[in-house]
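Student: I would like to learn how to read a protein model that is new to me. Could we go through it together, one feature at a time?

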Amino acid sequence: MKTQLKETGGEFARFFVVGVGATLVHLGVYLLLNAMCGVTEQNPLALTLTYAVGYVVSFVLNYLVSLRWTFRTQGSVKKGAGFALSHAVNAGMHLLLLNVFRVWGLGALLASALAWCCPWLVRSFPVLGQAESLLPLPVYVIVVPLNFLMVRYFLKK
């Protein structure tokens, strides 16, 4: 039991590192394509396309690194399909929870709490006093562990 818990903890730490890297790759590809193609927000179709291309590149790299390093397993079509499904479910959970928490006013509550307990932080970084800036935090707290379990299930089974 202790060995399994240690293995799962190491996998989660590697999962987190890979996730941060995948996010940076996605953003980098998106920004690079926008700069190379002169895409601006006046062209929402082009923005959507560059965002999607960045996501696909990030997704492929994330899959490969997750197989080899995070979960240390071999790939297969079945595992790839499961990984894709888990990411589709993950995106849906993100959007659903973000909007539920928005309706509940959780972002405003977090912003008020942060302003009350750490006013110096909000003064230093005014973006932290905005509800929409803090709204993703509870989403990540719920979705990241669930996505880890889904991805682990599909890649390790």
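Tutor: We will begin with the chain as a whole and then turn to one helix and its neighbours, keeping in mind that this is a predicted model.

Student: How many helices and strands does the protein chain have?

Tutor: The protein chain has seven helices and zero strands, and, read along the sequence, it follows the pattern α-α-α-α-α-α-α. Taken along the principal axes, its C-alpha atoms fill a box of roughly 50 × 50 × 25 Å.

Student: What share of the 157 residues is buried, and what share of the contacts between residues at least 6 apart in sequence joins residues at least 24 apart?

Tutor: Buried residues make up 32% of the chain, while 71% of those contacts join residues at least 24 apart.

Student: What span should helix α3 have, given its number of residues?

Tutor: Helix α3 covers residues 77-104, and its 28 residues, at 1.5 Å a residue, should span 40 Å. The C-alpha atoms at its ends are 40 Å apart, which agrees with that expectation. Just after α3 comes Gly105, which takes a positive phi of about 75°.

Student: Which residues of α3 are buried, and what covers them?

Tutor: The general idea is that an α-helix has 3.6 residues a turn, so residues three or four places apart point the same way. In α3 the buried residues include Gly82, Phe83, Ser86, His87, Asn90, Met93, Leu97 and Phe101, and Lys79 and Gly80 are buried as well. What covers the buried residues of α3 includes α2 (44-70), α4 (106-117) and α7 (136-156).

Student: How should I describe two helices that pack together, and at what angle do α3 and α7 pack?

Tutor: Two packed helices are described by the angle between their axes and the distance between the axes. For α3 and α7 the angle is about 165°, with the axes 9 Å apart. Because angles over 145 degrees count as roughly antiparallel, α3 is roughly antiparallel to α7. Their crossing is right-handed, and the residues of this contact divide into 18 nonpolar, six polar and one charged.

Student: Turning to a single residue, where is Leu47 placed, and is Leu47 buried or exposed?

Tutor: Leu47 lies in helix α2, which is among the elements covering the buried residues of α3. Its relative accessible area is 18%, and since buried means under 20%, Leu47 is buried. The C-alpha atoms of Leu47 and Tyr30 are separated by 8.3 Å, although these two residues are 17 residues apart along the chain.

Key: Residues are numbered from 1 along each chain as its sequence is written. This is a predicted model: local features need pLDDT of at least 70, side-chain atom pairs count only at pLDDT 80 or more; totals for chains, interfaces and linings use all residues. Side-chain values use heavy atoms; hydrogens and water are left out. Helices (H or I, at least four residues) and strands (E, at least two) are DSSP runs, numbered from the N terminus. The expected span of a helix is 1.5 Å times one less than its number of residues. Buried means under 20% relative accessible area, exposed over 50%, partly exposed in between (1.4 Å probe, protein chains only). Contact means heavy atoms within 4.5 Å. Axes are lines fitted to C-alpha atoms, for helices over the stretch in contact, and angles run from 0 to 180 degrees between N-to-C directions. Angles under 35 degrees count as roughly parallel, over 145 as roughly antiparallel, 65 to 115 as roughly perpendicular and the rest as oblique. A crossing is left-handed if the near helix is turned anticlockwise from the far one by less than a right angle, and right-handed if clockwise. Ala, Val, Leu, Ile, Met, Phe, Trp, Tyr, Cys and Pro count as nonpolar, Asp, Glu, Lys and Arg as charged, and the others, Gly among them, as polar.
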